[in-house]
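Colleague: I would like a close look at a single part of this model. Please take one helix packing and the short stretch that leads into it, and go through them in order.

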Amino acid sequence: MLVCICHSVSDKTIKHWVRHQGVSSIRELRQLTPLGSQCGKCVRHAKEVIYDESQLITLQKAS
């Protein structure tokens with residue numbers, strides 16, 4: 001699903017950066033993608049995707 005429509009950044013892309021680059025904040029994500037640099041409406045949803053994926057990684061490591 002597209003999170004940032006202005007720049008075609010999907011939740012899949014965000015999850016990839018969280019898993020493979022250790023992205024844990026919007027600031028870090030913005031260094032890798034143009035997410036949120038136009039209208040900014042996507043930032044809140046992107047934060048949720050980052051948080052959810054980080055939690056999933058933590059749970060997987062704990063198992």
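Modeller: What follows goes through the helix contact and then two serines. The model is predicted. Helix α1 covers residues 11–21 and helix α3 residues 43–62; their axes come within 9 Å and cross at roughly 45°. An angle between 35 and 65 degrees falls outside the parallel and perpendicular classes, so α1 is oblique to α3. The crossing in which α1 passes α3 is right-handed. On the α1 side, the contact is made by Asp11, Ile14, Lys15, Val18 and Arg19. On the α3 side, Ala46, Val49, Ile50, Glu53, Ser54, Leu56, Ile57 and Gln60 take part. Sorted by class, the contact of α1 with α3 has seven nonpolar, four charged and two polar residues.

Turning to the serines, Ser10 belongs to strand β2, residues 9–10. Its relative accessibility is 16%, which is under the 20% limit, so Ser10 counts as buried. The side chain of Ser10 forms a polar contact of 3.1 Å with the side chain of Thr13. Leaving aside residues up to four places away in sequence, Ser10 touches Met1, Leu2 and Val3.

Ser8 is found in the loop between β1 (2–4) and β2. Ser8 is not a glycine, yet it has a positive phi of about 55°. With 54% relative accessibility, over the 50% limit, Ser8 counts as exposed. To put the two serines side by side: Ser10 is buried, whereas Ser8 is exposed.

Key: Residues numbered from 1 in each chain as written. Predicted model: local features only at pLDDT ≥ 70, side-chain atom pairs only at ≥ 80, totals over all residues. Heavy atoms only, no water. Axes fitted to C-alpha atoms, helices over the stretch in contact; angles between N-to-C directions. Helix = DSSP H or I, 4+ residues; strand = E, 2+ residues; numbered from the N terminus. Parallel < 35°, antiparallel > 145°, perpendicular 65-115°, else oblique. Left-handed = near helix turned anticlockwise from the far one by under 90°. Contact = heavy atoms within 4.5 Å. Nonpolar A, V, L, I, M, F, W, Y, C, P; charged D, E, K, R; others polar. Buried < 20%, exposed > 50% of the residue type's maximum accessible area, 1.4 Å probe, protein only. Polar contact = N/O pair within 3.5 Å; in protein donor to acceptor, adjacent residues only side chain to side chain.
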